[in-house]
Amino acid sequence: MPIAVIDFETTGSSPGQGARATEIAAVLVDDGRIVGQYQSLIHTGVWVPPFIEQLTGISNAMLADAPPAAQVMREVLAFTAGCPLVAHNAAFDRAFWRAEALLACEGDATATSAVDASFACTVRLSRRLFPQAPNHRLGTLAAWHRLPDAGRAHRALADATVTAHLLLRLQQALAERLGHAGPGAIDHALLCQVQTWPVAAVDKALARHIQSCRTSAG
DNA sequence: TGCCAGGCCCTCTTTAGGGCCTT
C-alpha cells in the first residue's frame, strides 16, 4: 500500500476561521520511490488575500475557472483511497483535509474515512531523526538534504513532491538506524510510532524498538 | 473587504508562556 503525501494551499491558516483550500496535491510513495501524483486548483468562491496571492502565486483570477472543491476532493479521495497519509506540519493539512472532505462528501462513508485518516508528520519526524538540521521548515530541509528541485515553493505539487523526497530520507535514516534493508521497509505505522517518541530520548526509544522486535521474532 | 489559528515542543514547566511550522 503506498503512502500518500498531501499538501494544501489555502486562503488562510485555519478552516475554523473560514479559510478554504485553493490547491491540493497528493504524491504517492511506495517501496522507496515516487509512484504517482495528483494536483488540482480548487474553486470555493472564497477571496484569496494579497499576502497569500504573493506567497503562493495562486490568484483569485486563476481560481475563477478551477473545478469546484467537491469535485476535486472526491477525485483526490479516490486517488488516495486506502492510503495512509503524510504531510509537512500535518496538523495544518489534516485540518483542511477533514474540513474539505466533510464539505465535499457530507453524510457519506467517504467523508467518515477521510476524517478518521491518520497523518504522519515530517516536521515531527525530522525533529527526532535530524535534530542537527538548522530548522525544520520545508525549504530549509530541502536545501540541507539537497533534495531534488520540484519547482516553485508554496505550490501544492512542488511542496508535496519535496515532502515526498523528505519522507524517503526519513525512511532511509530510520532504516539504517534499525538495520533494515531500505526506506521501503519503514511503514506508516512505524512512522506514526516514531513521531510520538520523546525528542530528547530517540536513541533510547530506537534501542527499545530494536529489542522488542528481537523479542517478538523469538 | 480584510483579519489572523492551532497543534507541537521546550523550559527559567505542569495552576504557563513562548517559539516553531503551515497558508
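The legends below describe close-up views of a predicted model.

**View 1. The annotated span, residues 2-176.** The unreviewed UniProt entry places the feature "domain: Exonuclease" at residues 2-176. In the predicted model, 46% of this span is helix and 19% is strand. The C-alpha atoms at its two ends lie 21 Å apart.

**View 2. The protein surface near DNA strand B.** The surroundings of DNA strand B comprise 29 residues, of which Trp47, Arg128, His136, Leu138 and Val199 come nearest. Of the atoms of DNA strand B that come within 4 Å of the protein, 61% belong to sugar and phosphate. By residue class, the surface near the strand consists of 10 nonpolar, 12 polar and seven charged residues.

**View 3. Polar side chains beside DNA strand B.** In the side chain of Arg128, an N or O atom is 2.6 Å from a phosphate oxygen of DNA strand B. Asp159 likewise places a side-chain N or O atom 3.1 Å from a phosphate oxygen of DNA strand B. For Asn89, a polar side-chain atom lies 2.8 Å from a sugar or linking oxygen of DNA strand B. Two or more residues of the surface near DNA strand B come from each of these elements: strand S1 (3-10), helix H1 (50-56), helix H4 (90-104) and helix H6 (122-129).

**View 4. Ala87 and its surroundings.** Ala87 belongs to strand S4, which covers residues 85-87. With a relative accessible area of 0%, below the 20% limit, Ala87 counts as buried. Leaving aside residues up to four places away in sequence, Ala87 touches Ile6, Asp93, Phe119, Ala120, Cys121, Thr122 and Thr163. Ala26 is 61 residues from Ala87 along the chain, and the C-alpha atoms of the two are separated by 9.6 Å.

**View 5. The salt bridge between Arg20 and Glu100.** Side chains of opposite charge can pair when their charged atoms come close. The model contains four salt bridges. In one of them, the side chains of Arg20 and Glu100 meet with an N to O distance of 2.8 Å. This pair links distant parts of the chain, 80 residues apart: Arg20 lies in the loop between S1 and strand S2 (21-30), and Glu100 in helix H4. Arg20 and Glu100 are both buried.

**View 6. The salt bridge between Asp108 and Arg74.** The side chains of Asp108 and Arg74 form a salt bridge at 3.5 Å, N to O. Asp108 is located in the loop between H4 and helix H5 (109-115) and Arg74 in helix H3 (residues 69-79), so the pair ties together parts 34 residues apart in sequence. Asp108 is partly exposed, at a relative accessible area of 24%. Arg74 also counts as partly exposed, with 43% relative accessibility.

**View 7. The salt bridge between Asp203 and Arg177.** The closest N and O atoms of the salt bridge between Asp203 and Arg177 are 2.4 Å apart. Because Asp203 lies in helix H10 (residues 202-217) and Arg177 in helix H8 (residues 156-178), the pair ties together parts that are 26 residues apart in sequence. Asp203 is exposed, with a relative accessible area of 54%, whereas Arg177 counts as partly exposed at 34% relative accessibility.

Technical notes:
Residues numbered from 1 in each chain as written. Chains lettered and ligands numbered in written order. Predicted model: local features only at pLDDT ≥ 70, side-chain atom pairs only at ≥ 80, totals over all residues. Heavy atoms only, no water. UniProt positions renumbered as here; feature names shortened; annotations may be inferred. Helix = DSSP H or I, 4+ residues; strand = E, 2+ residues; numbered from the N terminus. Near = heavy atom within 4 Å. Polar contact = N/O pair within 3.5 Å; in protein donor to acceptor, adjacent residues only side chain to side chain. Nonpolar A, V, L, I, M, F, W, Y, C, P; charged D, E, K, R; others polar. Buried < 20%, exposed > 50% of the residue type's maximum accessible area, 1.4 Å probe, protein only. Contact = heavy atoms within 4.5 Å.
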